[in-house]
Amino acid sequence: MAERVMYFEQNAELAAAAARNFAKLGADNIEVRNETVTPETELPEADLIYADPARRSAAGRKVFLLEDCTPDILTLLPMLLRKAPVVLLKLSPMADLAMLAGRLGPTLREIHVVESDGEVKELLCLLVRDAEPAEPQIIVAMLTGQFAADVQQEGLFCFRATEEREAEAVYAAGVQAGDTLLEPCPALLKAGAFKLPCARWGLRKLAPSTHLYLGEAAPFFKAWHVQEVLPFGAAAFRQLKRQYPRAEVTARNLPLGSDALRKKLGVAPGGDVHIFACRLADGTAVLLVCSR
């Protein structure tokens, strides 16, 4: 347990609530300060600084650029790293990883992409003051959800952007009934690991911009059994509407989104079937009727 913790909160109501909660928990080593941290704030020397800047504008709009957060973390960063050898930033899941690597500079050592219940919740950036310059590691972590147990057995998915750029994807010649379709978890997609899964797990990608794969079940992927493969078009739309009045629908690498595709198919959400519409490596668009 930390010997001493200083908690800064710029919102007065939240600061008061935090102080009450800490008191009820008997956490008497936490000092709450209702103030906004600036480069002029007198911070003590610390082992670790954890910064979670507000990610909404004055009008309540969500923001994800570092300089739009409150306080401006880019302005504060030099001072924070003088006060602590390690700084951990909690940032918007909408932020671009390449942008973060460029803006945070050589002290950035790790970017954690954190997923919970099928949604990317946060990006955590670990900065180390005296570390040797190196390309940051990207770490995919799933906290909860239907695949979390399998992922925990396999460990975290870790890589560097250079590995992804240099990886060679293996493309499937086609899809047929009986194949296992693998859908990557949102955190894997956010991390930008598109080609590496082919090398790590021996998977075959459907097309360069179609982030769906064929192969054996793998961690960080949802596995589907392909029941039927249909050509993308009006005749198949009519057939699917008759057969599956309720189905989940996903469009990948096509000019229309999932909601627009659902309207074309005329199916209601729900049921045990998932219909994927996507483009294959040869440019053909298909409809894949899948089940778990």
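**Exercise 1. Find how strands β12 and β15 pair, and over how many bridges.**

Solution. Strand β12 (residues 221-231) runs antiparallel to β15, and six bridges join the two; strands pair here if DSSP finds at least two bridges between them. Strands (E, at least two residues) and helices (H or I, at least four) are DSSP runs, numbered from the N terminus. One place to look is Val226, whose bridge partner in β15 is Cys290.

Before going on, some ground rules. This is a predicted model, in which local features need pLDDT of at least 70 and side-chain atom pairs count only at pLDDT 80 or more, while totals for chains, interfaces and linings use all residues. Residues are numbered from 1 along each chain as its sequence is written, and side-chain values use heavy atoms, with hydrogens and water left out.

**Exercise 2. Describe the pairing of β14 with β15, and the hairpin they form.**

Solution. Start with the pairing: β14 (residues 273-279) and β15 are antiparallel over seven bridges. Next, pick out a pair: Cys278 faces Val286 of β15. Finally, visit the hairpin, where five residues lie between the strands and Gly283 has a positive phi near 95 degrees.

**Exercise 3. Work out which way the side chains of β15 point, and whether they are buried or exposed.**

Solution. In a regular strand, side chains alternate between the two faces of the sheet. Ala285, Leu287, Val289 and Ser291 point one way, and Val286, Leu288 and Cys290 the other way. Seven of the seven residues of β15 (285-291) are buried, where buried means under 20% relative accessible area, exposed over 50%, and partly exposed in between (1.4 Å probe, protein chains only).

**Exercise 4. Place β15 in its sheet and find the edge strands.**

Solution. First, read the order of this open, seven-stranded sheet: β10-β11-β9-β12-β15-β14-β13, with mixed pairing. Its edge strands are β10 (204-207) and β13 (248-252), each pairing on one side only. On average, neighbouring strands are turned by 40 degrees against each other, direction ignored. For such angles, axes are lines fitted to C-alpha atoms, for helices over the stretch in contact (heavy atoms within 4.5 Å); angles run from 0 to 180 degrees between N-to-C directions.

**Exercise 5. Identify what helices α8 and α9 lie across.**

Solution. Take α8 (residues 234-243): this helix lies across β12, β14 and β15, at about 120 degrees to β12. Then turn to α9 (residues 258-265), which lies across β13 and β14 and runs at about 125 degrees to β13.
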